[in-house]
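Ready for some practice in reading a protein model? Work through each task with the structure on screen, then compare your steps with the solution.

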Amino acid sequence: SCRWIKFEEKVEQGGERWSKPHVATLSLHSLFELRTCIEKGSIILDMEASSLPQVVEMIVDNQIETGLLKLELKDKVTYTLLRKHRHQTKKSNLRSLADIGKTVSSASRMFTNPDNGSPAMTHRNLTSTSLNDISDKPEKDQLKNKFMKKLPRDAEASNVLVGEVDFLESPFIAFVRLQQAVMLGALTEVPVPTRFLFILLGPKGKAKSYHEIGRAIATLMSDEVFHDIAYKAKDRQDLIAGIDEFLDEVIVLPPGEWDPAIRIEPPKSLPSSDKRKNMYAGGENLQMNGDTPHDGGHGGGGHGDCEELQRTGRFCGGLIKDIKRKAPFFASDFYDALNIQALSAILFIYLATVTNAITFGGLLGDATENMQGVLESFLGTAVTGAIFCLFAGQPLTILSSTGPVLVFERLLFNFSKDHGFDYLEFRLWIGLWSAFQCLVLVATDASFLVKYFTRFTEEGFSSLISFIFIYDAFKKMIKLADHYPINSEFKVDYITHYSCACEPLDPVNSSLLNGTTVPSADELFYSSAEMDNTTIDWSSLTTKECLKYGGQLVGNNCDYVPDITLMSFILFFGTYTCSMALKKFKTSRYFPTTARKLISDFAIILSILIFCGIDALVGVDTPKLIVPSEFKPTSPERGWFIPPFGGNPWWVYLAAAIPALLVTILIFMDQQITAVIVNRKEHKLKKGAGYHLDLFWVAILMIICSFMGLPWYVAATVISIAHIDSLKMETETSAPGEQPKFLGVR
């Protein structure tokens, strides 16, 4: 009638299905009665038996020896205990023959329930199969039971049998621990070997009370501390001490202030039972309130004691240690990925980096007038990402363009423009100096400073990075509204009054309007030199052409572009809202778990695709990214290799070391803070970190990117954390109601 793995599940009224798992609420009285039962009943520890009839016979004989049971009741008790068990999973019309015509008191159906044996039907022949068919082999529907999946490996059962009978004057109580766990056939709902048995048969009239005692022992057996005690107990006193320990920790809810019918939901996270175990073990290492040991994972830096951050004091010492630490895992990094979970992580990270490269490429193109654009962003992400993943110390970190680098590029471009420097060449020298400074930091083991980063530094830096991107998105949106203003005075009825025409600036040329030739746009393009001797049809020109030929736009509708700003806002907020909603889909009530997880993993790309589709359907001329159709730099003014000399005066090559110092600080902070967040203890990573090796590769890749005029790349906090989340492993089997345990990262 009930079962526990960790939380209690009851057979619902009507006996067709199990209830939701809930916290077992016991009455205090039943615990005291249970304590009395253990004090008075038969306690047989390490019984050697291989089948239920054997177990029952030994218990009954033990009770007769100790004078707890009269000899003439032996057969009746044995018969009762060996009756066939009926589980809730079997529909009621499948009752065994033995049950027909007998009344079953519902209270006597505990965990695995003997039915009331009516003595009138007692058969002396205990081996008669029609009535006592307890077989040691699991039955067919036991093997088919899906509940098996929920059980941890090597689980053992503890069976609690309670019931009322009319032939006993005093209760028949036994607690048995078997020497070896034994398959007792259909006694348990699923084929699990039984290790413990608790039996309580009592005189009629107290069924409710027996049921509560049964629930009490079952709850105790599912309690971590008590179940350890039950396995190790040497005698009755140990069990009683275990119950007392449990009673010490029990909290009573007063009857008038709480409704016992309410089922308490299992908590999200359970308190650890280690403290109770320590107290029970002898309590030497008890901690008073307030002087709990420092837990590195949450408060301070907590990175101090990991060996990756020990200072060696030798030239490149840390780098050499990193390489030695990573080398043994090089092959396993490949074959560990042969898992379906890795496939979804690959797709997820691919889409995350692509969307990031697009966003970043677009923002960078705006900031540098397309000196670096989407194509450079893509190429850079591909080259640096691939090299870093293959050779770095922590391949879980994903390189990407980050906010601070974007801000620096924008400042650098504007500075070069204002002072007439060649931007890409200036940037190349800054990159070279910065890479050199990073290599110096690697050689001197400077990464050991990371252990002084506190959680506060990490959170602050992550916020800055997120803020820069959010700020840029809004800034771009507001710029759009400037570019394509909305006509707030517009009235649908006055549509006939709106116009915009192209007219020549001085009226002298207006005589040309009745000219004969109307040039096409292309002809116009080439004929600008001979403009004077061509007649222009002003009314057929486009806006750009009109302004090019010195015309002017006249009319009350010339400043406005319909729909673009509004449509862009819809796409902007729609994409965001949609991706957030799909991200939260994991916890919604629709679809099975796997479908929900898939949708939430691919939330961002799904919403981007949905809104690109909407944009294409509506067909408003919203601004699009410039992506070249062939493989060549976005800006026609540059190539794939940036020449290091010739564009700037000689002193700029040396002066570049100063801004390079800022870049170095930026890259060191960005790279190492992300690495620290990725390598946190709570992620339970197995293969060690490589702070020095990571920085070494970031410096080398910076040299390559500077020469090719590609953006600089460092570890991106947000994507790296998403990467770790997508590779987290949890326990496959968890008790009903229990949150799956986190095992580590694949």
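**Exercise 1. Find where Glu212 and Arg215 lie, and work out which network they belong to.**

Solution. Keep in mind that this is a predicted model.

Step 1: Begin with helix α5, which holds both Glu212 and Arg215, three residues apart, or about one turn of the helix.

Step 2: Look at the side chains of Glu212 and Arg215, which meet in a salt bridge with an N to O distance of 3.0 Å. This pair qualifies because a salt bridge needs such a nitrogen and oxygen within 4 Å.

Step 3: Now look for another partner of Glu212. Lys208 forms a salt bridge with Glu212, and their closest N and O atoms are 3.4 Å apart. Both residues sit in helix α5 (residues 207-221), four residues apart, again about one turn of the helix.

Step 4: Put the pieces together: salt bridges with shared partners join Glu8, Lys208, Glu212 and Arg215 into one network.

**Exercise 2. Sort Lys208, Glu212 and Arg215 into buried or exposed.**

Solution.

Step 1: Recall the cut-offs: buried is under 20% relative accessible area, and exposed is over 50%.

Step 2: Lys208 has 59% relative accessibility, so Lys208 is exposed.

Step 3: Glu212 has 15%, so Glu212 counts as buried. Arg215 has a relative accessible area of 4%, so Arg215 is buried too.

**Exercise 3. Describe the salt bridge between Lys6 and Glu224 and say which parts of the chain the pair links.**

Solution.

Step 1: The side chains of Lys6 and Glu224 come together in a salt bridge of 3.5 Å, N to O.

Step 2: Lys6 is in the loop between β1 (2-4) and β2 (8-10), while Glu224 is in helix α6 (residues 224-232). The two are 218 residues apart, and the pair links distant parts of the chain.

Step 3: Check the accessibility of each partner. Lys6, at 25%, is partly exposed, and Glu224, at 34%, is partly exposed as well.

Step 4: For the wider view, a search of the whole structure finds 14 salt bridges.

**Exercise 4. Which residues have a positive phi although they are not glycines? Examine Asp46 and Phe591.**

Solution.

Step 1: Start with the general rule: most residues other than glycine have a negative phi.

Step 2: Asp46 has a positive phi of about 60 degrees. Asp46 lies in strand β3 (residues 42-47) and is partly exposed, at 33% relative accessibility.

Step 3: Phe591 has a positive phi of about 65 degrees. Phe591 belongs to the loop between α18 (564-583) and α19 (593-601) and is exposed, with a relative accessible area of 54%.

**Exercise 5. Characterise the lining of the second largest pocket.**

Solution.

Step 1: Note the volume: the second largest pocket has about 1300 Å³ of space. Its lining has 43 residues, and those closest to the centre are Asp333, Cys389, Pro395, Leu396 and His723.

Step 2: Ask which elements contribute. Helices α9, α10, α11, α12 and α23 each supply at least two residues of the lining, and α12 gives the largest share, nine residues.

Step 3: Classify the lining residues: 31 are nonpolar, six polar and six charged.

**Exercise 6. Which residues make a nonpolar surface patch of about 440 Å²?**

Solution.

Step 1: The patch is made by Leu606, Ile610, Ile614, Leu617 and Val618.

Step 2: Take Leu606 as an example: this residue is in helix α20 (residues 603-618) and is partly exposed, with a relative accessible area of 33%.

Technical notes: Residues are numbered from 1 along each chain as its sequence is written. This is a predicted model: local features need pLDDT of at least 70, side-chain atom pairs count only at pLDDT 80 or more; totals for chains, interfaces and linings use all residues. Side-chain values use heavy atoms; hydrogens and water are left out. On a 1 Å grid over the protein atoms alone, a cavity is a set of points where a 1.4 Å probe fits but cannot get out, and a pocket is an open set with protein on both sides within 12 Å along at least five of seven lines; lining residues have an atom within 4 Å of a point. Grid points are joined across faces, edges and corners, and a volume is the space filled by probe spheres set on the points. Ala, Val, Leu, Ile, Met, Phe, Trp, Tyr, Cys and Pro count as nonpolar, Asp, Glu, Lys and Arg as charged, and the others, Gly among them, as polar. Patches are made of residues with over 30% relative accessible area and no salt bridge: like charges are joined within 9 Å, nonpolar side chains (Val, Leu, Ile, Met, Phe, Trp, Tyr) within 5 Å. Accessible areas come from the Shrake-Rupley method with a 1.4 Å probe; for residues, only the protein chains shown count as cover. Buried means under 20% relative accessible area, exposed over 50%, partly exposed in between (1.4 Å probe, protein chains only).
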